[in-house]
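Thanks for making the time this morning. I would like to walk through one structure with you, and I will put it on the screen before I say anything about it.

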Amino acid sequence: MKIISKYILLLGGVLSLAETCDVPAGSQRSFKETSGYARGIDHRVDSLLAKMSLEEKVGQLSLFGSDKKNLKELIKKGLIGGTNGMLPGRENVSGYLKQLQELALQSRLKIPLFFMGDVIHGYRTTFPVPIAEACAWDPALVRETDSIAAMEATSDGMNWTFAPMVDIARDPRWGRVMEGAGEDPFLGARLAAAAVHGFQGNDLSDPHRMLATAKHFAAYGAVEGGRDYNTVDMSGRRLRQIYLPPFQAAIDAGVGSIMPAFISLNGIPASENRHLLTTILRNDCGFKGLVVSDYDAVPELLEHGVAPDTTSTVAEAIGAGMNMDLHSGAYLANLPALIRKGRVSEATLNAAVSHVLALKFRLGLFKNPFKGATHGPLYEDTLLKKHRSFALKAAERSIVLLKNEGHLLPLSRKTKTLAVIGPLAKDRQNLLGPVHAVGRWQDAISAFQSITEAVSPDTKILYARGTGIADSSIAGFAGALSVARQADVVIMVMGESAGMSGEGDSRSVLGLPGNQLDLVKAVIKAGKPVVVVLMNGRPLTIDWLDQHVPGILETWFLGTEAGPAIANVLFGDYNPSGKLPISFPRNTGQIPVYYNHLNTGRPLKAGNKYTSRYIDIPNTPLYPFGYGLSYTAFTFSDPQLSTQVLGWNDTLNISVKLTNTGEWSGTEVAQLYIRDLVASISRPVKELKGFRRIHLAPGQTTTVSFTLCRNDLRFYGKDMRYLAEPGDFEVFVGGSSAVVNHARFTLKKPGG
C-alpha cells in the first residue's frame, strides 16, 4: 500500500502528481474541504478579522500555560488564543477548562480558547508508548488507541494535542525515540496517517475529536550524538527521502497543525527557517493548517545566535512561517510594535491569525465552546472498562519476543516454584512511561501481580527485588540468588525508569542502568532457566543477555494493562507477534545502525580486511528492523512475480506462500522489501514497501500478495527530481529486514 501525496518535494518547487499505484483507504483529506464549506469558513474568518484590534489579533497567536501570572486577565481581554499546562497533575481538568472558557466568553469578541496538551499515548487510559505500539505494525490499532485517547481527552474539554511525533529516529540514545515509530519512513508514514485519523476523525467538529499536531518539523530525530535539542546537518536528499515522508502522510491525512523542531537544520534554526516552514512545508508539501512553535522556541533563537534581541526573534519567526508562539509571550510583547513600525506586515499577521480562527471554526468551538466537556468525563463511567480492554489488546500486540532458546516460553502455569526478581517486577509507577497525560499509576497492574494471578494455586511464588533501577549497591544480590536457587524458573523484570526516556532524557550508554546486568549475571550462576522481561523506552544494548539468557521479552512501557499483557505472553494466553520498528545495536559504538543503509564501494566481505567493517563486532545489529519471534514457526516460499518485466504504466503482483509450520496459532507480519540494483545514485540495500498481518492456525498455508508499480520505485535522483529509473530490481518477502528470499524484475523504459 502506498501513501499518495498531492505533491512531491523538490528543491525548486512543486510538481503535481497524476500517477498513482493505488489509493489506500483513508488517504483523502479528513477535513470537510468541499468548496462551499471552505468558502463558508473563509467568510466567517474574514468577517471576524475585520472586527479585531491589532492586540486581539496578536493575542490569538499567543499560547500560555497556567504559570502565566495574569492568565485570567488576558483571557477576559481576548489577548490569548489558548492555554496549555493543565496536564499532568491537575485533579479537575474539566472544571478548570470550563472556568477559563467562561472567561473567554466575557471578552469583547467572545473568541473561544484552544486547550492543548501532550496526549501522546492515551489520556486517562494509558496505552503503550508509541515506539511499543509501532511493534504491532498495525495502523488500525494506532488509529483506535488515539481515537479512544481523543474521546477521553475531549470529555475533559481538551481540544488540541501535540501528537503524533512522526520523527524518524536511528539513534536510540535520543530520549524521544519512545515517542515515535522508529527508523523507517514507510512504516512511519503509515502510522502517522493512522494517528491523525484517530485523533481528528473525519470531522473535527465531532464532540470527541481533537486537533492533532505532527511534530517536529523536520529531522529532529537526527540530532548529533543522540543529544536532545542538538544540531542536525544533512543533505536535502536524505531529508526528503527519509525524514519528510511521515510528515507528508500526516498532511495528506488532514493534520491540522505542525510543530517545528527545536533544532538548527543545516545551520538555520527551524523556528526561523523560511525555506523549511514556507518553501518546503507550505509550497512543496501543500500544508494548509497552523504552525505552532515548540515551548519557548521563539526566544531561544537568541541562544542559537541568529538574532540580537527578542524583538528580532519574533520578526524572524513569524516572517518564516511560525504562526503561533507557545508559552514565551514573545509575540504578545513584541508583535504589535513590529506591525506598527512596518517590520512585520499586517498581511503576515492576518494570515497567521486566519489559520488560528479557521481551526477554531473547524473544531466547532464558536458553536460549542465547551465541546465535549458538557457531557462530563466519559472515562469515569463504564467506557473506561472497555478502554482498558482495548489497552490490553494494544499491550499484547506491542510485546516482542527477542529470544526463546529451547522453547523455554511459554511457561507452564503449573511450574512448581517460580522466582520473580528485579526492580520493576512489582513496580507500577513506571509502567505508564513518560508523558502519560492524566493516567494514574494506581490504575496500572504490575507484572508480579499478574504473574501471581496467572499461575496455578499450587505454584510457589518467590520474590526478591535484588537491586534498584539505577543502584550501585549489591546488598540485595544474595537474596535474589537465594530465591533463584529455590526456583524451577526465574523471571527477571529489568529495564529503565520512565524518567530515563522522553524529552531531555538522552543516554550515552544504553545498557541496563545501574548494576542490573550484574544482578542478572549473579542469578544466572544459580543454573536455572531465566526469562528477562525488559521495560524501557528505547532499544538497549543487551548483547550479554542475548548470549547467556535463554528467554528475552521486550515489553517497553505498556501502560495501564502492562502486567496482564506480560503474563498472557509468558504463559501462552497470547502468542507474541510484535516486530521491531527500530534496530537494536550491539553496543553504542555501532550507532547509528539501521537496515536501509547504502552499500558502500567496499561492502563487507568475510576475510577481507579492506572492506567496511568493525574488527571487534559484526556490522549487523543485534536484532534487525522487522525482527520478532513467535511461539510457532512460519516459513515463506520464494516470491512469485506476475511478470519479470514491469511496464512503465503497469502493476507488478508479488505473492508468497506463508505456512504456519509450528504447533500454535499465531500472527506473522509479512514484509515486502525492494532493492534497486543499478541507479544514477547509490541506493539502499533494502527498502520497506509493504506489510501485512496474517493469522494462521497450525499447519495452515495462505497466499500473501502485494503490488508494486513504478511510483513505488521512485527516489530523489542526481538533480533532485523525484523519479523512477528503468532497470533491474530485487524484491524480498519475509518476516524481517534480514530476509534473503528474493526474485528479480526489470522496470522497462517508457514505451519500451
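How much space lies in the second largest cavity? About 280 Å³, and before I go further I should say what stands behind such a value. This is a predicted model, in which local features need pLDDT of at least 70 and side-chain atom pairs count only at pLDDT 80 or more, while totals for chains, interfaces and linings use all residues. Residues are numbered from 1 along each chain as its sequence is written, and side-chain values use heavy atoms, with hydrogens and water left out.

A cavity here is a set of points, on a 1 Å grid over the protein atoms alone, where a 1.4 Å probe fits but cannot get out, and a lining residue has an atom within 4 Å of a point. Points are joined across faces, edges and corners, and the volume is the space filled by probe spheres set on them. By this rule there are seven cavities of 30 Å³ or more.

The second largest cavity is lined by 29 residues, and the closest to its centre are Pro-130, Val-142, Pro-164, Glu-179 and Ala-195. By class, that lining has 18 nonpolar, six polar and five charged residues, where Ala, Val, Leu, Ile, Met, Phe, Trp, Tyr, Cys and Pro count as nonpolar, Asp, Glu, Lys and Arg as charged, and the others, Gly among them, as polar.

Which helix gives the most to this lining? That is α7, with five residues, although α5 (130-133) and α6 (139-154) also supply at least two each. Helices are DSSP runs of H or I with at least four residues, and strands are runs of E with at least two, numbered from the N terminus.

Helix α7 covers residues 185-200, and 16 of its 16 residues are buried, meaning under 20% relative accessible area with a 1.4 Å probe and protein chains only. Its end C-alpha atoms are 22 Å apart, which agrees with the 22 Å expected for 16 residues at 1.5 Å a residue, the expected span being 1.5 Å times one less than the number of residues. At the start of α7, a side-chain oxygen of Asp-184 comes within 3.0 Å of the backbone nitrogen of Phe-186, and after the helix comes Gly-201, whose phi is positive, near 65 degrees.

Finally, Arg-507, in the loop between β16 (489-495) and α18 (516-524), is buried, with a relative accessible area of 15%.

How values were computed:
Buried means under 20% relative accessible area, exposed over 50%, partly exposed in between (1.4 Å probe, protein chains only). A polar contact is a pair of N or O atoms within 3.5 Å; within protein, one must be able to donate a hydrogen and the other to accept it, and residues adjacent in sequence count only if both atoms are side-chain atoms. On a 1 Å grid over the protein atoms alone, a cavity is a set of points where a 1.4 Å probe fits but cannot get out, and a pocket is an open set with protein on both sides within 12 Å along at least five of seven lines; lining residues have an atom within 4 Å of a point.
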